[in-house]
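This report walks through one protein chain, beginning with its overall build and ending with the surroundings of its ligand. Please keep the sequence and the 3D view at hand while reading.

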Amino acid sequence: MKTKVDVLVIGAGPSGTIAAAILHKAGLSVQVVEKMKFPRFVIGESLLPRCMEALEEAELLDAVLKNKFQRKTGAKFVWGEKICDFKFSQQYTKGWDHAYQVQRADFDKALADACQEKGIDIAYETEVIDVKIQTGGTSVTTVKTKEGATHLIHAKFIVDGSGYGRVLPTLFGLNKASTQYTRKAVFAHIEDPHRHETDEPDEPDRITICVHNLNTWIWVIPFSTGTTSLGFVGSPDFFDGFSGSLSEQYQQMIASEKTFKNRFRDLKLIWNEPRILQGWSTTTDTFFGNGFVLTGNVTEFLDPVFSSGVTLAAVSAQKAAHLVIKHFKGEPVDWQNEYVKYMQTGIDVFRTFVNRWYDGTLFKIFFAKNPNEDVQNKICSVLAGYVWDDTNPFVVKSDKTVCAFAKYIELEKQ
Ligand SMILES: Cc1cc2nc3c(=O)[nH]c(=O)nc-3n(C[C@H](O)[C@H](O)[C@H](O)COP(=O)(O)OP(=O)(O)OC[C@H]3O[C@@H](n4cnc5c(N)ncnc54)[C@H](O)[C@@H]3O)c2cc1C
């Protein structure tokens, strides 16, 4: 482990490794510190096409391709008999037409291993426990190894990609409750032997989001190994309606959804038990400070419904790395405008989509009887993560456009 570096990166999730790879490529000395031993589980398995651009710039694409993850070409939304199938090849913005559905333990390890192959030091099972920023922005970070030994790392700059760990916001008292409603997820990896009995032969090529009821939805993310990630997301009281062990409750949830009842009959869990996550939306007052920048989930994570998490992590890492490089070149960086404003623009488009999903407005557009192709293509670009395309009205005036179009569909019906 290096104890004197240009940049200390906290966390070896996608935001940490993408930032580290871009900084290393620019010639800066980088030390990554990761609390866990890899591979480790983390949720966030459905990637978006925009994420591929960040991986490409970080020269981490080969590592992804080597793993033969499931290619993802779109996102399908199902509500009873109604289906809305977005294909990234038919999106409005010019960009990648695919992404991947990944087991994050393997995906994150692949990125981290590729970083190490490039010569980037990653200290695993080493946790950041304290950070002191000095005048001028240099810092002294205390890390603790699994054996309990502590070390000091002197860095000229810190990139905090610690995800749900929220290291710097927690140490510096910057955490803020999110305005997003508290939701809960119950999910598992399962065997999926009946996958190919469905009517759609290319079905594993995309995530399926199924409306279970107005407040609850289900994700189905098929992996290339033949197994599938299946999760329920809803308000916490939805989950009170089931009884028995967590596995039994999960089976009951699946049996209660007509769309999947048959496909997931005689369901077998790959894990001992499903997992639970709740109340994941936290935010912070600031995304940067003297000598540090926050990336990925540490900035804000909204909701899983549109699979935006890893993509926002990747783009923030890419953007932050560019600005850190600029800083090291001695050029002035306007972090508020060049970083926070940029990231907030994309986050706010997803915020609109998340909020308009849960209040039902988007259902009117997604499940309209006669979908408008141009509108579908523009929405598809948002769902592909191209949330900075200022020629797309669903990006620039996101909320106004979504609401106006939903209203138009309502009027057309009358
Ligand atoms: C229910 C649910 C479903 C989701 N589904 C999707 C999805 O389908 N697609 C998607 O894109 N996103 C999804 N997400 C979001 C996704 O999980 C995150 O957005 C993504 O993992 C963020 O990446 P990151 O690199 O910022 O952080 P992480 O992937 O969390 O990585 C952070 C790393 O920092 C390390 N760390 C933490 N504390 C410390 C410390 N003190 N010292 C050193 N290291 C530390 C951690 O061990 C971890 O390895 C979902 C989220 C939830 C809650």
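The chain has 13 helices and 19 strands, where helices (H or I, at least four residues) and strands (E, at least two) are DSSP runs, numbered from the N terminus. Its radius of gyration, taken over C-alpha atoms, is 21 Å, close to the 22 Å that the globule rule (2.2 Å times the number of residues to the power 0.38) gives for 414 residues, so the chain is as compact as a globular protein of that length. This is a predicted model, in which local features need pLDDT of at least 70 and side-chain atom pairs count only at pLDDT 80 or more, while totals for chains, interfaces and linings use all residues. Residues are numbered from 1 along each chain as its sequence is written.

Of the 414 residues, 44% count as buried, meaning that 20 or more other C-beta atoms, placed from the backbone, lie within 10 Å of the residue's own. Helix H2 (residues 49-57) contains several such residues, among them Pro-49, Cys-51 and Leu-55. H2 is followed by Glu-59, whose phi is positive, near 55 degrees.

Around the ligand there are 37 residues, each with its C-beta atom, placed from the backbone, within 6 Å of the ligand. The closest are Gly-13, Gly-163, Gly-165, Gly-296 and Gly-309. Three elements give two or more residues each to this shell:

| Element | Residue range |
|---|---|
| Helix H1 | residues 14-25 |
| Strand E8 | residues 126-133 |
| Helix H8 | residues 309-328 |

The largest share, four residues, comes from H8.

Methods:
Buried ≥ 20, exposed ≤ 12 C-beta atoms within 10 Å, placed from the backbone.
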